[in-house]
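Could you look over this model with me? My notes are below, as numbered points, one topic at a time.

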Amino acid sequence: MEASQQKGTIDRRTFVKLSLAGGAGLLTAGSGALFGAESSLSTSMNSIFKLGGDLPVNRLGFGAMRLTGENIWGWPPDRANALKVLRRAVELGVNLIDTADAYGPEVSELLIAEALHPYPAGLVIATKGGLTRPGPGEWEPNGRPDYLKGCVEKSLKRLRLERIDLYQLHTVDPKVPMEESLGALKEMQAAGKIRHVGLSNVSPEKIVRARKVLPIVSVQNRYNIGDRKSEKALIYCEKEELGFMPWFPIGGGGGLKSGAALDAIAKTHSASVYQLAIAWLLQRSPVMLPIPGTSKIVHLEENVAAAKLKLTPEEWKTIDGLAG
Ligand SMILES: NC(=O)c1ccc[n+]([C@@H]2O[C@H](COP(=O)([O-])OP(=O)(O)OC[C@H]3O[C@@H](n4cnc5c(N)ncnc54)[C@H](OP(=O)(O)O)[C@@H]3O)[C@@H](O)[C@H]2O)c1
């Protein structure tokens with residue numbers, strides 16, 4: 001797909017300028033219209049990104065993987081709490097929720113529907129397929145076309161949707177040519193069951209290959225202060241105006257390694273290092289769509305508040321220099 005077909009809220013010149021400005025590159029939000037006046041994001045530094053040029057989301061999203069049982073397996077010990085976390089996220093102005101059929105498996109999608117259906121206007125649920133769960137802690141790719149088509153149908157049922165706004169291929173199955181896996185998603189898109197398609201865990205070369213099969217609107221790779229292995233994929237996304245959803249944005253289950261420099265900046269802002277990590281990502285690029293995950297309301301509120309945190313260019317550069 002041509003970049004011009006994927007134009008977002010920002011014209012290309014402004015976009016490139018913002019990308020180059022790095023730390024200084026943020027658009028102020030006009031997101032109040034999407035959600036109620038109570039939304040704390042509506043007055044924040046958070047800005048809107050249009051997935052595929054036509055699907056607006058507040059850039060700070062929520063990852064719903066952590067709502068399941070231990071090892072991303074089964075039901076959470078406190079199901080009522082998981083439902084509360086999801087409802088609170090939306091109340092706070094989050095309108096991009098990332099999930100996958102593999103989380104639980106099935107549990108994360110079922111919780112989302114239980115908590116939020118009928119969905120408020122403007123809520124984008126981004127799910128994924130292509131990774132199976134033989135057991136707790138086990139993840140195995142399956143990119144066979146028929147399997148993937150079945151996954152889409154089942155996610156539609158669990159999420160109680162007629163069309164999935166963003167369906168991401170969770171990973172490329174080394175046993176199946178990616179063109180075949182994506183061909184199946186293209187068919188589901190043509191049948192009206194998927195609006196936009198995204199990729200996950202891919203190199204720039206794979207993104208280029210995928211875009212020869214069908215339009216791709218987003219990429220979801222691991223990326224955070226300490227792990228920039230996907231820098232090239234991020235740069236590709238910036239150039240082509242694709243959304244980039246960093247997973248493990250605040251370091252994942254192992255947390256973030258804080259250090260003197262990070263702690264000092266956190267203290268200046270009366271913020272946590274997790275908030276700094278989110279603010280740093282949001283200021284890294286206008287295509288950055290962080291999806292921090294949590295099972296706790298208090299962490300959710302803290303993470304969402306990070307969208308209001310503005311790092312100075314010097315602070316941003318100091319954090320940028322901390323890559324592991
Ligand atoms: N595409 C992929 O292959 C892939 C892989 C992994 C994840 N993902 C997606 O990316 C999302 C984000 O990744 P993630 O959830 O694994 O990692 P993450 O967002 O970097 O970190 C989540 C971890 O940090 C803790 N946490 C969250 N907020 C905190 C805070 N304010 N203070 C202290 N601890 C905090 C959480 O524990 P508590 O529950 O105790 O808050 C949880 O253990 C997932 O939810 C999922 O949607 C995608």
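**Notes on the packing and the sheet**

1. A helix pair makes a good start: Ala261, Leu262 and Ile265 in H8 meet Glu315, Thr318 and Ile319 in H11. Contact here is taken as C-beta atoms, placed from the backbone, lying within 7 Å. By class, four nonpolar residues, one polar and one charged make up the contact of H8 with H11.

2. Before going further, please keep in mind that this is a predicted model: local features need pLDDT of at least 70, side-chain atom pairs count only at pLDDT 80 or more, and totals for chains, interfaces and linings use all residues. Numbering starts from 1 along each chain as its sequence is written.

3. How are H8 and H11 arranged? Helix H8 (residues 260-268) packs with helix H11 (residues 313-320) at an angle of about 155 degrees, and their axes are 10 Å apart. Angles run from 0 to 180 degrees between N-to-C directions, with axes fitted to C-alpha atoms, for helices over the stretch in contact. The two are therefore roughly antiparallel to each other, a label for angles over 145 degrees. H8 passes H11 in a left-handed crossing, that is, the near helix is turned anticlockwise from the far one by less than a right angle.

4. Now the open sheet: seven strands in the order S3-S4-S5-S8-S9-S10-S11, with parallel pairing. Pairing requires at least two DSSP bridges between two strands, and strands are DSSP runs of E of at least two residues, helices H or I runs of at least four. The edge strands, S3 (62-63) and S11 (243-247), each pair on one side only. Helix H4 (residues 145-159) packs on the sheet, touching S5 (124-129), S8 (164-169) and S9 (194-200), and its direction makes about 145 degrees with that of S5.

5. At the S3 edge, two bridges join S3 to the parallel strand S4 (residues 96-98). Gly63 has Asp98 in S4 as its bridge partner.

6. Is Pro246, in strand S11, buried or exposed? Pro246 counts as buried because it has 27 C-beta neighbours inside 10 Å, and the cut-off for buried is 20 or more. Leaving out residues up to four places away in sequence, Pro246 touches Asn221, Tyr223, Asn224, Leu281, Met288 and Pro290.

7. Lastly, a hairpin: S1 (residues 48-51) and S2 (residues 55-58) pair in the antiparallel sense over four bridges. Lys50 has Pro56 in S2 as its bridge partner. Three residues lie between S1 and S2, and Gly52 in the turn has a positive phi of about 65 degrees.

Conventions. Parallel < 35°, antiparallel > 145°, perpendicular 65-115°, else oblique. Contact = placed C-beta atoms within 7 Å. Nonpolar A, V, L, I, M, F, W, Y, C, P; charged D, E, K, R; others polar. Buried ≥ 20, exposed ≤ 12 C-beta atoms within 10 Å, placed from the backbone.
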